[in-house]
Amino acid sequence: MGACLMKCERTFDNELIKSIVSTMWNCVCEDGHHLDDFNADVEANCWVKMGDYGLYNLHPHNSSTLEIHAFILPEFRKEQSALSGQAILKWIANEAPKQYQKVIAQVPFLYPNVRDFCFSNGFQLEGVNRLSHKKNNVLVDQWLLGITRNEIEALL
């Protein structure tokens, strides 16, 4: 992967998080969720600010697995997405508690570009969660993608 110069730091700034998440709310949230009800849990979840380009959310899926969600601002995606993917994996390798040996992403079939982004960062297809995401009153499948800590360290 090489060197990555993007500054990554954990943030506890709920207003910053909400301002970034709100720019893509209609795309990233499932039916039935409202921005007015959104409050980032900055203690239970880890929000990592990626320079001025966006942030990532990491939260425990279970005792050994983190689930990841990217929120790169639309105007920076073309130029900064690849760097942000490398940077968050490096951050996970160096900063996430060692108990977390796996990172997963659940990507609705509506977003093959996000699936491809995950593939480009070393994630592997692990399965399909059928009819598990509701968007625009339609249930769609989700890809389950994953990468192990050993695989992340090998990429670095």
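In this predicted model, the side chains of His59 and His69 make a polar contact at 3.3 Å. His59 sits in strand β3, and with a relative accessible area of 19% it falls on the buried side of the 20% cut-off. Setting aside residues up to four places away in sequence, the neighbours that His59 touches are Asn45, Thr65, Leu66, Glu67 and His69. Asp31 is another matter: 28 residues separate it from His59 along the chain, and the two C-alpha atoms are 21 Å apart.

His69, the polar partner of His59, turns up again in the largest pocket, where it belongs to the group nearest the centre, together with Val28, Ala70, Phe71 and Gln106. This pocket holds about 1,200 Å³ of space, and its lining counts 42 residues. Quite a list of elements puts two or more residues into that lining: α2, β3, β4, α3 (77-95), β5 (102-108), α4 (112-120) and β6 (124-135). Of these, β4 gives the most, with six residues. Sorted by class, the lining comes out as 24 nonpolar, 14 polar and four charged residues.

Next comes the second largest pocket, with a volume of about 180 Å³. It is lined by 14 residues, and those closest to its centre are Arg10, Cys46, Leu66, Pro97 and Tyr100. Leu66 has already come up as one of the residues touched by His59. Both β3 and α3 supply at least two residues of this lining, and β3 gives the most, with three. Here the classes split into nine nonpolar, two polar and three charged residues. Strand β3 thus has a hand in both pockets, as it also gives two or more residues to the lining of the largest one.

Now for the helices. Helix α1 spans residues 14-22, and its buried residues are Ile17, Ile20 and Val21. These three lie on the same side of α1, because the arc they cover around the axis is only 95 degrees. As for what lies over them, the cover includes the strands β1 (8-11), β2 (46-50), β3 (54-60) and β4 (65-72), along with helix α2 (25-28). So β3, the strand that carries His59, and β4, the top contributor to the lining of the largest pocket, are both part of the cover over α1. At the N-terminal end of α1, Asp13 acts as the cap: one of its side-chain oxygens lies 3.1 Å from the backbone nitrogen of Glu15.

Further along, helix α3 contains Gln80. This glutamine counts as buried, at 12% relative accessibility. With neighbours within four places in sequence left aside, Gln80 is in contact with Met6 and Tyr53. Helix α3 also figures in both pocket linings, with two or more residues in the largest and at least two in the second largest.

Past α3, in the loop that leads to β5, comes Lys98. Unlike Gln80, which is buried, Lys98 is exposed, at 52% relative accessibility. Beyond four places in sequence, the contacts of Lys98 are with Ala93 and Arg149. Arg149 is 51 residues away along the chain, yet the C-alpha atoms of Lys98 and Arg149 are separated by 8.8 Å.

Finally, a word on the backbone. Most residues other than glycine have a negative phi. Leu131 goes the other way, with a positive phi of about 45 degrees. This leucine is in strand β6, and it is exposed, with a relative accessible area of 55%. Asn136 also has a positive phi, near 55 degrees. Its place is the loop between β6 and β7 (138-148), where it counts as exposed at 60% relative accessibility.

How values were computed
Residues numbered from 1 in each chain as written. Predicted model: local features only at pLDDT ≥ 70, side-chain atom pairs only at ≥ 80, totals over all residues. Heavy atoms only, no water. Buried < 20%, exposed > 50% of the residue type's maximum accessible area, 1.4 Å probe, protein only. Helix = DSSP H or I, 4+ residues; strand = E, 2+ residues; numbered from the N terminus. Arc of directions from axis to C-beta. Contact = heavy atoms within 4.5 Å. Polar contact = N/O pair within 3.5 Å; in protein donor to acceptor, adjacent residues only side chain to side chain. 1 Å grid on protein atoms, 1.4 Å probe; cavity = no way out; pocket = protein on both sides within 12 Å on 5 of 7 lines; lining within 4 Å. Points joined across faces, edges and corners; volume = space filled by probe spheres on them. Nonpolar A, V, L, I, M, F, W, Y, C, P; charged D, E, K, R; others polar.
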